[in-house]
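Please read this report with the sequence and the three-dimensional view side by side, and look up each residue as it is named.

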Amino acid sequence: MSYLNHNLPCITGYIRNEYLFNHAKGHGEFTPCDIHSVTSMEKRVPLFEAFLENGVNWTRRPLHAFCWKKDAPVLPLNIHMYWDCFSPYIDVQRRNRLANLRGTLIDYKGKRHTGVYQYTLDWGWENKAGNTDTNFSEDPEHKCAHLFAMDDGNYFAYPNNRVIWQDDAWVYNPIKENPGYLIDQTIYSVENSRGVLTDNSYMTEFNEVGEAYQG
């Protein structure tokens, strides 16, 4: 699992120019760019890196700095993203079963937004140099972030419990209200459940020292 930075499936879009000038100017102007990498720092939103058409590579911009339509509405960051990063250890994957599916994303106000799935950000924890795991990246409450290109021209990244997926060949009965599912708090493991000792009885063949193996 990558620490701090991770490559992305490259998306071509626009950066809002105010994010190139510390919000001092550039409002309403756009620069074409390739969004190609992400930075994950705990307690901050994912920050994205973009290669601009003028040859500049610009790093660590939030998701609402980018759009794929110039007329995309300008929305607060907490509408684009639902959670901050859970850990500096990040993984990026395009879920094959979800590839190109449409989804309805429900923001914290209950408003619905629709878009097309691009890829997923997910988090874990690696014990580097004895660092204590104090985050929620591997807790049952953990959330991933599915990134969508929204119909309005923006990009959103939402967890599973805020997305209703659409698949004409599979989803015949989409949910209309909260189904009441509960988070499973069980930690599943088998190694402490058998109450027996492991011996050599599972071995099927032993050769004397120096004996040639007869395959």
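## A glycine in a loop

Gly110 is found in the loop between strand 8 (102–106) and strand 9 (112–124). The model is a predicted one, and in it Gly110 is partly exposed, with a relative accessible area of 45%. Although Gly110 and Arg162 are 52 residues apart in sequence, their C-alpha atoms are 9.6 Å apart in space.

## The open sheet

Strands of a sheet pair through backbone hydrogen bonds, and they may do so in a parallel or an antiparallel way. Here, an open sheet of five strands has the order 5-4-3-2-6, and its pairing is antiparallel. The edge strands are strand 5 (57–61) and strand 6 (66–67), each of which pairs on one side only.

Following the sheet from strand 6 inwards, we find that strand 6 pairs with strand 2 (residues 5–16) in the antiparallel sense over two bridges. Strand 2 is also joined to strand 3, and these two strands run antiparallel with nine bridges between them. Strand 3 in turn pairs with strand 4 (residues 47–52), again in the antiparallel sense, over six bridges.

Some residues that stand opposite each other in these pairings are set out below.

| Residue | Residue opposite | Strand of the opposite residue |
|---|---|---|
| Ile15 | Phe66 | strand 6 |
| Ile15 | Thr31 | strand 3 |
| Thr39 | Leu47 | strand 4 |

What surrounds Ser37, a residue that lies in strand 3? Leaving aside its neighbours within four places in sequence, Ser37 is in contact with His6, Asn7, Leu8, Leu47, Phe48 and Glu49. The side chain of Ser37 also makes a polar contact with the side chain of His36, at 2.8 Å. Ser37 counts as buried because its relative accessibility is 10%, below the cut-off of 20%.

## Two residues with positive phi

Most residues other than glycine have a negative phi, which makes it useful to look at exceptions. Asn22 has a phi near 55 degrees, a positive value in a residue other than glycine. Its place is in the loop between strand 2 and strand 3 (30–39), and Asn22 counts as exposed, at 70% relative accessibility. Arg60 also has a positive phi, near 55 degrees, and is likewise a residue other than glycine. Arg60, however, is found in strand 5, and at 32% relative accessibility Arg60 counts as partly exposed.

## Aromatic rings

A pair of aromatic rings is described by the distance of the centres and the angle of the planes. A search of the whole structure finds 10 aromatic pairs. One of them is formed by Tyr14 and Phe30, which are edge-to-face, with 6.2 Å from centre to centre and 70 degrees between the planes. Tyr14 lies in strand 2 and Phe30 in strand 3, so this pair ties together parts that are 16 residues apart in sequence. Tyr14 counts as partly exposed, at 24% relative accessibility, and Phe30 counts as partly exposed too, at 22%.

Another pair, formed by Phe86 and Trp123, is tilted, with 5.8 Å from centre to centre and 55 degrees between the planes. Because Phe86 lies in the loop between helix 1 (77–80) and strand 7 (89–93), while Trp123 lies in strand 9, the pair ties together parts that are 37 residues apart in sequence. Phe86 is buried, and so is Trp123. These two residues also belong to one aromatic cluster, which is formed by Tyr82, Trp83, Phe86, Trp123, Phe156 and Tyr158.

An aromatic ring can also have a charged partner, as at Phe21, where Lys25 lies over the face of the ring, at 4.7 Å from the ring centre.

## Cysteines without a disulfide

How many disulfides does a search of the whole structure find? The search finds zero. Why does Cys10 have no bond to Cys33? The sulfur of Cys10 is 8.7 Å from the closest cysteine sulfur, which is in Cys33, and this is too far for a bond, because a disulfide needs the two sulfur atoms to be within 2.5 Å. Cys10 is partly exposed, with a relative accessible area of 48%, whereas Cys85 is buried, with a relative accessible area of 4%.

Key
Residues numbered from 1 in each chain as written. Predicted model: local features only at pLDDT ≥ 70, side-chain atom pairs only at ≥ 80, totals over all residues. Heavy atoms only, no water. Pairing = 2+ DSSP bridges. Helix = DSSP H or I, 4+ residues; strand = E, 2+ residues; numbered from the N terminus. Buried < 20%, exposed > 50% of the residue type's maximum accessible area, 1.4 Å probe, protein only. Polar contact = N/O pair within 3.5 Å; in protein donor to acceptor, adjacent residues only side chain to side chain. Contact = heavy atoms within 4.5 Å. Phe/Tyr/Trp six-rings, centres within 6.5 Å; stacked < 30°, edge-to-face > 60°. Lys NZ or Arg CZ within 6 Å of the ring centre and 35° of its normal.
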